[in-house]
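The following exercises concern contacts between domains, contacts between chains, and enclosed space. Each task is followed by a worked solution.

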Amino acid sequence: MPSPRYWREMPQRYRLEASQCTECGKVSFPPRIVCGCGARDFKKTNVSETGTIVSYTTIRVAPDAFVIQAPYNIAIVEADNGVRITTQVVDCAPEELAIGKKVKFVFRKLYEEGHCGIINYGYKAVLV
Amino acid sequence: MREVAVIGIGMTKFGELWTKSLRDIFVEAAMAAIDDAKVDQIGSMYVGSMTPGLFVGQEHIGALMADYLGTPSIPAMRVESACCSGGMAFRAGFFEVASGHTDVVLVGGVEKMNDGADVTYALATAADQEYEVYQGVTFPGLYALIARAHMHAYGTTREQMAAVSVKNHHNGSLNERAQFPREVTVEQVLNATLVADPLTMLECSPVSDGAACAILAPLAIAKKLSMPVIKVIGTGAATDTLALHAREDLTTLKAVKLSAQSAYKMAGVKPTDVSLAEVHDCFSIAEICIVEELGFVEKGKGGPFTEQGHTALDGKIPVNTSGGLKSKGHPVGATGIAQVCEIVEQLRGAAGKRQVKDPKIGIAQNMGGSGASSVVHVFKKE
Amino acid sequence: MVGIVGYGSYVPRYRIKVEEIAHQWGKDSSAVKRGLLLQEKTVPGLDEDTITISVEAAKNALKRAEIAPEEIGALYIGSESHPYAVKPSGTVVAEALGIVPNVHIADYEFACKAGTEAMFVAHGLVKADLLKYAMGIGADTSQGAPGDALEFSASAGGSAFIFGKGNIVAEIIDTFSYTTDTPDFWRREGAFYPLHGGRFTGEPAYFKHVLGAGRAILEKSGYKASDFAYAIFHMPNGKFPLTAGKKLGFRKEQMEPGWIVPLMGNTYSGSSPTGFSATLDVAKPGDLILLVSFGSGAGSDAFIFKVTERINEVRNKAITVKELLEQNRIYLDYGQYAKYRGKIIMNE
């Protein structure tokens with residue numbers, strides 16, 4: 001990944017920064033310029049640190065950059081403030097996952113760009 | 001708008017076409033369609049292709065294909081909408097003919113996926129790069145998330161999903177152009193290697209090379225030809241959030257529903273009027289969701305509906321008589337046009353062993369990403 | 001009064017037992033366990049490194065400090081396994097914690113002593129009134145060469161300490177540093193594994209510096225071993241710290257809470273800081289604590305802390321070291337361990 005693209009997303013990837021529409025109150029992650037309701041005024045907020053698994057899978061055939069991590073778990077998590085996020089769920093076996101289980105977000109390495117490129121960090125989830 | 005008909009179809013065999021290049025397979029399919037239509041001139045061309053840049057390092061394939069087809073001066077462009085690039089190319093061509101601007105338009109689709117690229121990554125670029133792919137999401141993974149949600153919400157079983165693959169492989173076994181023209185059993189599907197739990201290898205469409213083309217013309221021209229006249233009576237397209245997680249309900253493919261409603265409305269038909277459908281079974285669960293969204297069965301009942309045989313060749317509403325993406329193969333950009341080829345063949349009564357009895361109306365539903373784009377076309381035998 | 005306003009640790013969930021490593025190399029595990037007093041060691045997950053460990057430890061420290069991250073004016077990370085050779089770990093950690101941009105950042109390296117170095121400087125800046133709060137972190141995902149004795153101990157984890165002047169958990173009574181040039185252990189630029197001088201790492205290196213710093217700070221402060229409730233000495237293995245403590249007049253009970261090496265291994269820059277964190281987890285108001293680190297090359301930093309009443313308020317605001325070490329362990333076999341530690345040559 002070219003480093004400007006990585007750098008630009010840091011507030012979301014590192015700190016789960018989101019935007020809340022001042023009109024309808026919906027929290028957008030990542031932040032948007034226009035809300036689904038049409039309004040354009042937002043205030044900065046964050047995705048809750050904990051959430052619930054809405055659906056999950058285990059990726060066994062991975063893109064090249066993720067092959068070393070396979071098999072790895074992916075879930076759609078609904079954070080406590082309603083935001084839905086696709087995230088890896090790590091430090092657990094596939095059998096430990098279930099719809100409705102609680103998770104919390106942690107800071108992890110997502111993948112490395114080969115031996116010489118940048119190291120991509122961001123959020124993942126672990127079971128609580 | 002003028003009424004539009006499909007006057008010619010052609011496609012390559014789908015599969016691992018090691019000896020043929022991207023341009024070779026497109027030209028092969030285009031020539032077959034031109035020969036089928038018996039036309040000597042094409043006014044313009046739309047080429048559906050998802051990512052020839054990532055697969056073979058070639059962009060700008062509209063001009064490339066026009067050149068190699070021996071029509072180097074015609075307007076030609078590539079249409080991209082992930083896996084429904086072909087269906088969207090068809091839609092673009094349909095409007096060009098319907099508008100009266102051009103009489104004969106070639107609409108095609110092509111993908112060359114077996115030339116050594118990181119296919120899993122290339123396909124994943126159709127998902128949200130920053131908020132899905134960054135986490136290591138793959139397409140089997142996204143549909144597995146849909147599958148688990150569908151199983152949780154409606155009690156859909158792995159056996160019901162496997163029934164999609166079993167049916168489509170049966171149909172594909174009757175199609176000489178299919179990549180995997182062989183029967184599979186429910187047990188084989190369930191016991192195959194897991195790709196993204198709970199989906200196994202035999203629930204995922206394969207990595208394919210292939211091309212398909214169709215020739216569109218106004219009804220007046222079509223009627224002068226000797227072939228049965230197959231009219232395009234409806235087109236509908238819609239989009240949904242690119243990221244699966246952003247949808248209110250993971251089991252609802254809203255773009256499919258909206259595109260179908262739009263196409264049905266234009267065509268003046270209801271789901272019960274449809275004789276057969278080619279749908280985007282990129283994964284087993286996708287077909288289950290799609291038959292629900294197309295209105296063939298109520299929401300949540302797609303699993304039992306399939307398992308009970310209602311979508312089989314001799315069922316209430318035969319779905320994917322060609323073998324679908326699963327058995328026929330899924331060269332992504334070509335798929336939407338290949339679906340049209342099957343519907344036209346069926347409506348012409350020329351589908352051989354796969355022939356559905358006396359079909360009147362057929363639909364083709366082509367989808368991109370995890371359902372963020374969908375396009376539906378309705379065809380009617382004149 | 002200057003001291004620690006918040007502390008926190010992080011330890012990955014993965015472990016490998018001494019038996020598993022010994023089996024791989026045909027060694028006698030009981031001899032290793034007896035000789036080094038080790039049982040198992042922590043292993044970082046595939047997606048963990050000094051940066052991610054630092055972030056999690058720092059978050060735990062912030063929970064106990066109960067201050068806004070942006071009040072922290074400096075963040076220093078000591079490690080011998082910074083993921084980048086050039087590009088700071090600290091910037092990533094500060095960005096993740098929301099401390100940027102008004103902050104001074106530096107990465108430190110001094111073999112196993114880099115963590116207390118970061119603490120030493122953070123403390124000094126606060127004491128000099130240059131900053132309101134400063135954070136010092138010691139974290140590592142250390143590597144020992146396959147088959148080397150170090151492989152039994154080199155582990156992963158870290159601890160973070162926020163220094164300030166109000167709401168202190170432990171006051172700093174005194175500090176002392178003792179340093180010489182001693183080539184007992186090193187890793188050259190570009191080398192994957194460190195080399196060491198075998199038994200030369202003992203008397204002329206570890207013991208000379210740990211005892212030198214320990215004796216000096218006792219003399220300087222006027223305290224004697226019996227005045228302390230607890231003491232922590234850098235833990236390259238189980239034996240060295242107990243021997244060093246005994247020579248300085250400490251009893252095993254004083255060292256026990258911070259002697260985490262049997263379950264944790266040697267977490268290099270995170271070793272004595274995490275032992276200190278574990279000690280704070282059990283300390284009472286008024287307790288005196290001696291912390292002496294050691295870094296090859298070589299040097300030792302010594303600190304004397306006095307625990308305050310606030311310890312009882314903050315202790316349970318974040319996970320304890322004992323919980324981190326004893327809960328939810330996932331054991332790896334050697335093959336998994338080799339994969340997790342990047343010891344298998346992969347294609348790009």
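**Exercise 1.** How many residue pairs are in polar contact across the interface of domain 1 of chain C and domain 2 of chain C, counting pairs with both residues at pLDDT 80 or more?

*Solution.* The model is a predicted one, and side-chain atom pairs count only at pLDDT 80 or more.

Step 1. Locate the two parts. The domain assignment of chain C places 3–169 + 313–340 in domain 1 and 171–307 in domain 2. On the domain 1 side, 60 residues take part in the contact, and on the domain 2 side, 54 residues.

Step 2. Apply the rule across this interface of chain C. The result is 24 residue pairs in polar contact.

**Exercise 2.** Describe the burial between the two domains of chain C, and identify a salt bridge within the chain.

*Solution.*

Step 1. Begin with the separation: the centres of domain 1 and domain 2 of chain C, taken over C-alpha atoms, are 16 Å apart.

Step 2. Consider the area. The size of an interface is often expressed as the accessible area lost when the parts come together. For domain 1 and domain 2 of chain C, about 4200 Å² is buried between them, with 63% of it on carbon and sulfur atoms. Of the area that domain 1 buries against domain 2, Leu37(C), Cys112(C) and Phe120(C) supply 15%, more than any other three residues.

Step 3. Turn to charge. Between the two domains of chain C the count is 2 salt bridges. Arg64(C) and Asp281(C) form a salt bridge, with their closest N and O atoms 3.6 Å apart.

**Exercise 3.** Which three residues of chain B supply 31% of the area that chain B buries against chain A?

*Solution.*

Step 1. Establish the contact: 37 residues of chain A meet 28 residues of chain B.

Step 2. Establish the area. About 2800 Å² is buried between chain B and chain A, 55% of it on carbon and sulfur atoms. The three residues sought are Tyr131(B), Tyr134(B) and Gln135(B), whose share exceeds that of any other three residues.

Step 3. Add the polar terms. The interface of chain B and chain A has 3 salt bridges and 17 residue pairs in polar contact, both residues at pLDDT 80 or more. Asp197(B) pairs with Arg60(A) in a salt bridge whose closest N and O atoms lie 2.6 Å apart.

**Exercise 4.** Characterise the largest cavity.

*Solution.*

Step 1. The structure contains 3 cavities of 30 Å³ or more, and the largest has a volume of about 40 Å³.

Step 2. Its lining includes Val6(B), Ile7(B), Met227(B) and Arg348(B). By class, the lining comprises 7 nonpolar residues, no polar residues and 1 charged residue.

Technical notes. Residues are numbered from 1 along each chain as its sequence is written. Chains are lettered from A and ligands numbered from 1 in the order in which they are written. This is a predicted model: local features need pLDDT of at least 70, side-chain atom pairs count only at pLDDT 80 or more; totals for chains, interfaces and linings use all residues. Side-chain values use heavy atoms; hydrogens and water are left out. On a 1 Å grid over the protein atoms alone, a cavity is a set of points where a 1.4 Å probe fits but cannot get out, and a pocket is an open set with protein on both sides within 12 Å along at least five of seven lines; lining residues have an atom within 4 Å of a point. Grid points are joined across faces, edges and corners, and a volume is the space filled by probe spheres set on the points. Ala, Val, Leu, Ile, Met, Phe, Trp, Tyr, Cys and Pro count as nonpolar, Asp, Glu, Lys and Arg as charged, and the others, Gly among them, as polar. Domain bounds come from an automatic or database domain assignment. Contact means heavy atoms within 4.5 Å. Buried area is the accessible area (1.4 Å probe) that two parts lose on being put together, summed over both. A salt bridge is a side-chain nitrogen of Lys or Arg within 4 Å of a carboxyl oxygen of Asp or Glu. A polar contact is a pair of N or O atoms within 3.5 Å; within protein, one must be able to donate a hydrogen and the other to accept it, and residues adjacent in sequence count only if both atoms are side-chain atoms.
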